[in-house]
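Biologist: Got a minute to walk me through this one? I'd like to get my bearings before lunch.

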Protein chains: 2
Amino acid sequence: MSEPTVTACVLIIGNEILSGRTQDINLNHIAVTLGEWGIRVREARVIPDVEDIVVAAVNETRSAYDYVFTTGGIGPTHDDITADCIARAFGVELVTSPEIAAIIEQRPAPPDVMKSRMRMARIPDGATLVENLTGGPQGFRMDNVFVLAGIPRVMQAMLASLEGKLRGGKVIQSRSVTAYLGESQIAGDLGRIQDRYPDIDLGSYPFLRGDRYGTSLVMRGTDETELEAMLEEVKSAIVAAGETPQDVQQG
Amino acid sequence: MSEPTVTACVLIIGNEILSGRTQDINLNHIAVTLGEWGIRVREARVIPDVEDIVVAAVNETRSAYDYVFTTGGIGPTHDDITADCIARAFGVELVTSPEIAAIIEQRPAPPDVMKSRMRMARIPDGATLVENLTGGPQGFRMDNVFVLAGIPRVMQAMLASLEGKLRGGKVIQSRSVTAYLGESQIAGDLGRIQDRYPDIDLGSYPFLRGDRYGTSLVMRGTDETELEAMLEEVKSAIVAAGETPQDVQQG
């Protein structure tokens with residue numbers, strides 16, 4: 001009996017990504033990491049630091065996916081509104097986490113600075129903490145929503161602390177092979193092969209290396225036997241098109 | 001009288017982004033380019049190559065934003081379904097564009113290969129073409145939806161061809177200044193400054209360079225006089241916190 005797919009959505013909260021000031025790298029890290037845990041990211045949204053928009057996105061996605069991961073907006077400044085938004089989305093109050101407050105108080109500061117820092121100790125009533133292996137203030141979990149930092153190094157430390165604590169389905173395996181030929185030269189065969197293996201996702205990704213065009217063919221699915229059989233068919237299609245399959249990889 | 005804000009949404013269509021295989025760089029380029037044209041990206045979604053999901057996302061976003069830009073899924077293989085999805089979203093048939101077909105036919109190929117390539121000539125009935133400065137098959141525009149390639153070099157060439165052809169609002173200007181202090185050391189002042197300039201967006205972005213923590217303060221808005229005044233207040237706040245404002249930039 002096949003295990004059901006476990007799904008996730010990533011909400012990237014931050015004007016700086018939408019303005020183009022900052023290149024997001026968090027989605028990629030989260031997608032790869034969750035994939036290794038058997039959780040499939042099915043959607044990601046980049047949204048601005050606007051309370052109504054964040055609340056609506058959280059409520060829409062937390063009912064549509066098994067897990068939701070947010071990044072950004074949990075620092076000490078006025079534009080850090082993620083905790084407020086999660087509380088509103090769940091219809092609960094914000095409370096002060098004594099554990100986070102204790103970490104914040106370890107570093108002495110004038111009252112005005114400490115007051116700002118204490119914004120980071122506010123969590124929705126009922127939330128539990130997500131460890132922060134960098135030693136800074138923790139993130140938190142509210143039901144199926146995980147609220148992580150936006151700074152990649154900190155986000156990665158928080159996500160790492162969740163390993164083994166989430167429900168995962170079968171881990172997606174992959175095979176890939178490269179051919180120095182145009183996509184259209186094997187497109188017909190690829191379509192027919194895909195039709196024969198409906199449970200394996202066959203993607204074709206053209207590239208240009210130096211002055212040579214080529215195509216990476218990537219197969220993703222949970223059944224190793226099917227993956228191997230499909231890989232052989234794809235390699236045969238490459239040979240039939242007059243080229244040599246290269247750089248076969250498995251992941 | 002202030003011009004209304006012109007908004008955009010970016011739909012990044014592709015399993016390879018959601019699986020983590022590929023790091024998206026298209027959103028960043030589109031956000032920066034549209035910003036220079038006076039168009040604000042207010043949301044971005046990364047969605048899989050699944051027809052129902054793409055159709056729903058296109059219909060939801062094309063009514064909510066002035067413009068929608070899609071990337072990906074317009075190649076010659078079975079997983080390139082964007083044209084089909086746009087046609088379905090608008091309730092029209094796919095037709096063959098003679099202009100795209102002519103470009104495709106310039107390169108001779110066996111019938112099977114040509115047939116696959118001709119997938120790229122299919123556009124929704126009523127669409128107009130988006131030039132492709134690389135010389136390859138064009139993208140297309142359907143009402144307020146622009147359908148661009150996924151390969152960054154090709155996407156950029158298509159987007160560049162739209163310069164001067166879109167309606168833009170006032171261009172967003174920015175000022176930024178860096179301080180080697182923790183965000184919380186000026187968080188109180190920043191909140192008060194933000195309150196005094198509701199039309200300027202003041203963002204605070206912490207960073208770690210070598211072993212020094214710092215914060216980049218970024219102001220974005222359309223009124224240069226307000227931006228300059230706010231910048232001076234932010235610089236004063238940095239000085240009041242005992243640090244020196246550094247790396248002042250304008251963009």
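Biologist: Okay, the sheet first. How many strands form it, and in what order?

Modeller: Keep in mind that this is a predicted model. The open sheet has 12 strands, in the order 6(A)-7(A)-8(A)-3(A)-1(A)-2(A)-2(B)-1(B)-3(B)-8(B)-7(B)-6(B), and the pairing is mixed.

Biologist: Which are the edge strands?

Modeller: Strand 6 (128-130) of chain A and strand 6 (128-130) of chain B; each of them pairs on one side only. Ignoring direction, neighbouring strands in the sheet are turned by 20° against each other on average.

Biologist: And how does strand 2 of chain A join strand 2 of chain B?

Modeller: Through 3 bridges, with the two strands running antiparallel. For one pair to look at, Ala44(A) has Val46(B) as its bridge partner.

Biologist: What about strand 1 and strand 2 within chain B, parallel or antiparallel?

Modeller: Strand 1 (residues 6-13) of chain B pairs with strand 2 of chain B in the parallel sense, over 8 bridges. There, Leu11(B) has Arg45(B) as its bridge partner.

Biologist: Which strands does helix 3 of chain B lie across?

Modeller: Helix 3 (residues 51-64) of chain B lies across strands 1, 2, 3 (67-71) and 8 (145-148) of chain B, and runs at about 175° to strand 1.

Biologist: Same question for helix 4 of chain A: which strands does that one lie across?

Modeller: Helix 4 (residues 82-90) of chain A lies across strand 1 (6-13), strand 3 (67-71), strand 7 (139-142) and strand 8 (145-148) of chain A. Its angle to strand 8 of chain A is about 170°.

Biologist: Switching to the contact between the chains. How many residues does it take from chain A and from chain B?

Modeller: 47 residues from chain A and 47 residues from chain B. On the chain A side, elements giving two or more residues include helix 2 (26-36), strand 2 (39-47) and strand 10 (201-209). The largest share on that side is from helix 8 of chain A, with 8 residues.

Biologist: And how do the residues on that side of chain A divide, nonpolar, polar and charged?

Modeller: The side of chain A that touches chain B has 18 nonpolar, 17 polar and 12 charged residues.

Biologist: Now helix packing. At what angle do helix 2 and helix 7 of chain B pack?

Modeller: Helix 2 (residues 26-36) and helix 7 (residues 152-160) of chain B pack at about 20°, with their axes 10 Å apart. Because of that angle, helix 2 of chain B counts as roughly parallel to helix 7 of chain B. The crossing is right-handed.

Biologist: Which residues meet there?

Modeller: From helix 2 of chain B, Asn26(B), His29(B), Ile30(B) and Thr33(B); they meet Pro152(B), Met155(B), Gln156(B) and Leu159(B) in helix 7 of chain B. By class, that contact has 4 nonpolar, 4 polar and no charged residues.

Biologist: And helix 8 with helix 9 in chain B, at what angle do they cross?

Modeller: Helix 8 (residues 187-196) and helix 9 (residues 224-240) of chain B cross at roughly 165°, and their axes come within 10 Å. So helix 8 of chain B is roughly antiparallel to helix 9 of chain B. This crossing is right-handed.

Biologist: What meets what in that one?

Modeller: Asp189(B), Leu190(B) and Ile193(B) in helix 8 of chain B meet Met230(B), Glu233(B), Val234(B) and Ala237(B) in helix 9 of chain B. By class, the contact has 5 nonpolar, no polar and 2 charged residues.

Biologist: Last one: what does the domain assignment give for chain A?

Modeller: Domain 1 (6-160) and domain 2 (173-250), according to that assignment. Their C-alpha centres lie 38 Å apart.

Definitions and conventions. Residues are numbered from 1 along each chain as its sequence is written. Chains are lettered from A and ligands numbered from 1 in the order in which they are written. This is a predicted model: local features need pLDDT of at least 70, side-chain atom pairs count only at pLDDT 80 or more; totals for chains, interfaces and linings use all residues. Axes are lines fitted to C-alpha atoms, for helices over the stretch in contact, and angles run from 0 to 180 degrees between N-to-C directions. Helices (H or I, at least four residues) and strands (E, at least two) are DSSP runs, numbered from the N terminus. Angles under 35 degrees count as roughly parallel, over 145 as roughly antiparallel, 65 to 115 as roughly perpendicular and the rest as oblique. A crossing is left-handed if the near helix is turned anticlockwise from the far one by less than a right angle, and right-handed if clockwise. Two residues are in contact if their C-beta atoms, placed from the backbone, lie within 7 Å. Ala, Val, Leu, Ile, Met, Phe, Trp, Tyr, Cys and Pro count as nonpolar, Asp, Glu, Lys and Arg as charged, and the others, Gly among them, as polar. Two strands pair if DSSP finds at least two bridges between them. Domain bounds come from an automatic or database domain assignment.
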